[in-house]
Amino acid sequence: MLTLFITAFFLGFLFNAAPGAIFAESLRRGIKGGFGPAFAVQIGSLVGDFTWAVLGLAGVAVIFALPYVEVPLALVGAALLFWLAWQSWQDALSPVPAFDPSAQRQGEALMVGAAVSLSNPMNITYWAALGGTLTAFGVADPGPLDFTIFLAGFMTSSVLWCFICAGGIAWSRQYVGPKLWFGINSVCAAGLAFLASLVVWNTLMQA
């Protein structure tokens, strides 16, 4: 049981540390408002992660892999990513904002993080597949207790990562000048637009 928890713990770190839309949005908001907004995006993303984890480990996520369910969901996710890319580009063209955490809408950051995670088709595939592969982690006949321990390990590292990621972004805020501000937001805009385009392309190819 301890081995399964530790395995899930490190798997959670790898899953969350991978660069993607959540990190880009955390970085963009964290540079503007510090720890709070960045942390809110990260915590919001855990809503989606936890939802897909429960459904995937329970075997229910296979329903969301059906074309008439996955395609609309993927396109909604792509639209959200395009919108975030546009917001990043608008920020890139704006002056470096004065640091004022109280001015940042953390509720909005929380909802954006949850929306991106819930609409990410990669999460659907990831957890739907993982639900049937616990045997690879040394569990011969996985049951509810095994799934619970695995999920506990994964979510523990995910919450810890929220603090690490948001803290790192908040610390780096002091070194951001006009050129770096433009560069960070430009890269975030390009990355988010690329991810959105990739989602649309893969969805159309599989439809």
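Helices here are DSSP runs of at least four residues, numbered from the N terminus. On that basis, the predicted model reads as α-α-α-α-α-α-α-α along the sequence. That comes to 8 helices and 0 strands for the chain.

As for how the chain packs, 43% of its 207 residues count as buried. Contacts lean heavily on distant partners: taking those with a separation of 6 or more, 88% are between residues 24 or more positions apart. On the outside, the accessible surface comes to about 10,300 Å², and carbon and sulfur atoms hold 75% of that area.

Turning to the rings, the structure holds 8 aromatic pairs. One of them brings together phenylalanine 13 and tryptophan 161 in an edge-to-face arrangement, with 6.5 Å centre to centre and 90° between the planes. This pair ties together distant parts of the chain, since its two members sit 148 residues apart. Phenylalanine 13 belongs to helix H1 (residues 2-17), while tryptophan 161 belongs to helix H7 (residues 144-172).

Tryptophan 161 has a relative accessible area of 16%, and because buried means under 20%, this residue falls in the buried class. The pair is also part of a wider grouping: Phe13 and Trp161 join Phe9 and Phe10 in one aromatic cluster.

Note on methods:
Residues are numbered from 1 along each chain as its sequence is written. This is a predicted model: local features need pLDDT of at least 70, side-chain atom pairs count only at pLDDT 80 or more; totals for chains, interfaces and linings use all residues. Side-chain values use heavy atoms; hydrogens and water are left out. Buried means under 20% relative accessible area, exposed over 50%, partly exposed in between (1.4 Å probe, protein chains only). Contact means heavy atoms within 4.5 Å. Accessible areas come from the Shrake-Rupley method with a 1.4 Å probe; for residues, only the protein chains shown count as cover. Rings of Phe, Tyr and Trp (its six-membered ring) pair if their centres lie within 6.5 Å; planes under 30 degrees apart count as stacked, over 60 as edge-to-face and the rest as tilted.
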